[in-house]
Amino acid sequence: MFKEINEWIKKLSNEIFKSNQDLMIGVTRVILRTLPFYRTLNELTKVLEKNRTDLDEKIELAHHSLENTSNVLKELEEILTKNTEDLTKLKSDYERLSALTEIEENKAQAILSEITHTVNKGKTKERWIAVFISLITGFIIFILGIWLGPIITDSLKITNK
């Protein structure tokens, strides 16, 4: 309302005192200050201006906070995307290596069973051969002991007396 009155007075002053507008504004202010509601309107205008600037500052602060939050969320999304890609790659590598392990395990089991079969197959035959070789070796040593015993005792001059 104060602004409307002031605008009306400005228009009037432009028409009446086109050359001396500053004088008209001063006269208008003096007239308005004499009115009882001017102080209340002036104080109300100051309070509203202060509240508006406070609100503008709060809006600006909220805007900056939202920008920062948006940037942080964008960074987190990038990190999460990268980690998801890495996890997918690790999962595929694990599945591939797991399949290879199963194949190698099957091959190892086949080789191990073949070796076990081969070893067990010749076990009894090898034992009989080992017993036969031991008997022949023992017999040869026994014969050599009987034949070389007197020669060694005579050369070393060992007597049983």
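Asp56 is found in helix α3 of the predicted model. With a relative accessible area of 42%, Asp56 is partly exposed, because this value falls between the limits of 20% for buried and 50% for exposed residues. Together with Glu57, Glu60 and Glu67, Asp56 forms a negative patch on the surface. Membership of such a patch requires a relative accessible area of over 30% and the absence of a salt bridge; the 42% computed for Asp56 accords with the former condition.

A further acidic residue, Asp86, takes part in a salt bridge with Lys82, their side chains meeting at 3.6 Å from N to O. This distance lies within the 4 Å cut-off applied to such contacts. Both partners belong to helix α3, where Lys82 and Asp86 are 4 residues apart, or about one turn of the helix. Asp86 has a relative accessibility of 35% and is therefore classed as partly exposed. A search of the whole structure returns 1 salt bridge.

Helix α3 spans residues 37-156 and also contains Ile140. The relative accessible area of Ile140 is 45%, so this residue is likewise partly exposed. Ile140 contributes to a nonpolar surface patch whose other members are Phe132, Ile136, Leu144 and Trp147. The accessible area of these residues together amounts to about 520 Å².

At the level of the chain, the secondary structure consists of 3 helices and 0 strands. The order of elements from the N terminus is α-α-α. Of the 161 residues in the chain, 4% are counted as buried, the criterion being a relative accessible area under 20%. The chain exposes about 15000 Å², and carbon and sulfur atoms account for 64% of this area.

The mean pLDDT of the protein chain is 79, and 78% of its residues attain a value of 70 or more. Among the elements, confidence is highest in α3, with a mean of 84. The lowest confidence occurs in helix α2, which covers residues 21-34 and has a mean of 66. Where pLDDT is low, predicted coordinates should not be interpreted in detail. The residues described individually above include Asp56, which is located in helix α3, and Ile140, which is placed in that helix as well. The salt-bridge partners Lys82 and Asp86 also lie in helix α3, the element with the highest mean confidence in the chain.

Terms used
Residues are numbered from 1 along each chain as its sequence is written. This is a predicted model: local features need pLDDT of at least 70, side-chain atom pairs count only at pLDDT 80 or more; totals for chains, interfaces and linings use all residues. Side-chain values use heavy atoms; hydrogens and water are left out. Patches are made of residues with over 30% relative accessible area and no salt bridge: like charges are joined within 9 Å, nonpolar side chains (Val, Leu, Ile, Met, Phe, Trp, Tyr) within 5 Å. Accessible areas come from the Shrake-Rupley method with a 1.4 Å probe; for residues, only the protein chains shown count as cover. Helices (H or I, at least four residues) and strands (E, at least two) are DSSP runs, numbered from the N terminus. Buried means under 20% relative accessible area, exposed over 50%, partly exposed in between (1.4 Å probe, protein chains only). Lys and Arg count as positive and Asp and Glu as negative; His and the chain ends are not counted. The place of a charge is taken as NZ of Lys, CZ of Arg, CG of Asp or CD of Glu. pLDDT is the predictor's confidence in each residue, from 0 to 100.
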